[in-house]
Amino acid sequence: MAIDVREGVTIAFRAIRSNKLRSFLTVLGVIIGITTIMAMVSIIEGLNRSMKAQLASIGTDVLYIRTFAPGAFFGGFPDSLRHRPWFKPEDAQAIRNQADAVLAVSPLNFTQGVKLRYGETETRANAVVGSSPDYLVTNGYAVVNGRYFTDAEVEHRSPVCVLGLDQVEALFPHGTSVGKSIYIGGRPFTVIGELERRGKFVGMSLDDIVITPYTSLEKNFGPDLPMVLNAKPKAPELIDTAKDQITEVLRRQRRLRYNQSDNFAVFTDQSLVDLYKQITGAFYLVMVVISSIGLLVGGIGVMNIMLVSVTERTREIGIRKAIGARQKDVLWQFLVEAMTLTGTGGIIGVTLGLLVGWLIDVLTPLSFAVPPWGILLAFFSSTSIGLFFGMYPAVKAARLDPVEALRYE
């Protein structure tokens, strides 16, 4: 069998070399399909690894308290979700007082489209976050220069702020921002601290941030700003207990009856991961559809060229059978040739797919990784196409009558 395989591969490569353009056009569909598979798999695998690393840097025990869960808007955004009430500082205080498993809870209000200015330098429009000192605990930030604002500054609505390093570099490229007065949306604020560098999360910079007391944000930008909550349990193993306690507290805060469903959502990073998997699953579906079309076209091309090859080599098949070749020998020879042809296309497709993934990694914020199973899947798919679509021509060749084949001109 090993000799038959080696012989079949040798004959296949000889046919490829003698008909380079015809062979390339034959497997072009396979190349396109495998390139699509490898490019998408490498990009999605890179995003998966990046997502896991970034979630680990943020902390996997953060509880997000929002008006609805991520993914709730899939298939539409009903009014029942759209009109849910935002949270209040009193909700955060109630959680602190009544949820024993919670270490810290921070209210977050925010306003968008605000520009920062220092002297003649002005940044692009930003989102400004208002919070409390617990924000450092719930969101895992640390101050590397200066300090964070205090509870007293929150209570007195002090015009102070802490900047992420993107904002520091934009406004103060040659010095520190601590102690300087900047304008946020035309209102004066004093910079009292700079946050440590955090990098990116799903392509978005975690250092592009401005934090001020939530009371100061209300004072300067309106009392009706939307507010959400973040919380952190006292220990990772208490996360489910903390989630249940927070739910009970908020139901009491919102005066929900026992037969009413929650009009809020408490979820963890796992919900974000699940949402992310839904999105990448859609990408995988697109990949399967596109690659299947390419592989189908390639398979039809392989069947066509193998039928032509059987016709061209009818006399050769007759000679092989006349000197003792069995039907299964001829069958195996043509199957090996078909699989070699598509396998070669698969190798080219894998190479091109990895190149496309690498270029996307270099030119865009998307990540890139090469899973070994992806390469094996691509190569298996390409050789399987040769096996499936080469079966009919191989059977036709194997069933040729040797006498009639020897008479063929």
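In the predicted model, Arg-254 lies over the face of Phe-87, at a distance of 4.4 Å from the ring centre. A comparable arrangement is found at Tyr-141, where the charged end of Arg-198 sits over the ring, 4.5 Å from its centre. Tyr-141 also takes part in one of the six aromatic pairs that a search of the whole structure finds, its partner being Tyr-135 in a stacked geometry with 5.7 Å from centre to centre and 20° between the planes. Both Tyr-135 and Tyr-141 are buried.

Burial also describes strand β13, which spans residues 227-233 and is largely enclosed by the rest of the structure, because seven of its seven residues are buried. Both faces of the strand are covered, with Met-227, Leu-229, Ala-231 and Pro-233 buried on one side and Val-228, Asn-230 and Lys-232 buried on the other. Strand β1 (residues 63-66) runs antiparallel to β13 and is joined to it by three bridges, with Tyr-64 standing opposite Asn-230. Strand β2 (residues 102-114) is likewise antiparallel to β13, to which seven bridges join it, and here Val-105 stands opposite Ala-231.

On the surface, a nonpolar patch of about 650 Å² is made by Ile-348, Leu-352, Leu-355, Trp-358, Leu-359, Val-362 and Leu-363. Of these residues, Leu-363 is found in helix α12, which comprises residues 327-363, and Leu-363 is classed as exposed because its relative accessible area of 68% falls in the range over 50%.

Conventions: Residues are numbered from 1 along each chain as its sequence is written. This is a predicted model: local features need pLDDT of at least 70, side-chain atom pairs count only at pLDDT 80 or more; totals for chains, interfaces and linings use all residues. Side-chain values use heavy atoms; hydrogens and water are left out. Patches are made of residues with over 30% relative accessible area and no salt bridge: like charges are joined within 9 Å, nonpolar side chains (Val, Leu, Ile, Met, Phe, Trp, Tyr) within 5 Å. Accessible areas come from the Shrake-Rupley method with a 1.4 Å probe; for residues, only the protein chains shown count as cover. A salt bridge is a side-chain nitrogen of Lys or Arg within 4 Å of a carboxyl oxygen of Asp or Glu. Helices (H or I, at least four residues) and strands (E, at least two) are DSSP runs, numbered from the N terminus. Buried means under 20% relative accessible area, exposed over 50%, partly exposed in between (1.4 Å probe, protein chains only). Rings of Phe, Tyr and Trp (its six-membered ring) pair if their centres lie within 6.5 Å; planes under 30 degrees apart count as stacked, over 60 as edge-to-face and the rest as tilted. A charge sits over a ring if NZ of Lys or CZ of Arg is within 6 Å of the ring centre and within 35 degrees of the ring normal. Two strands pair if DSSP finds at least two bridges between them.
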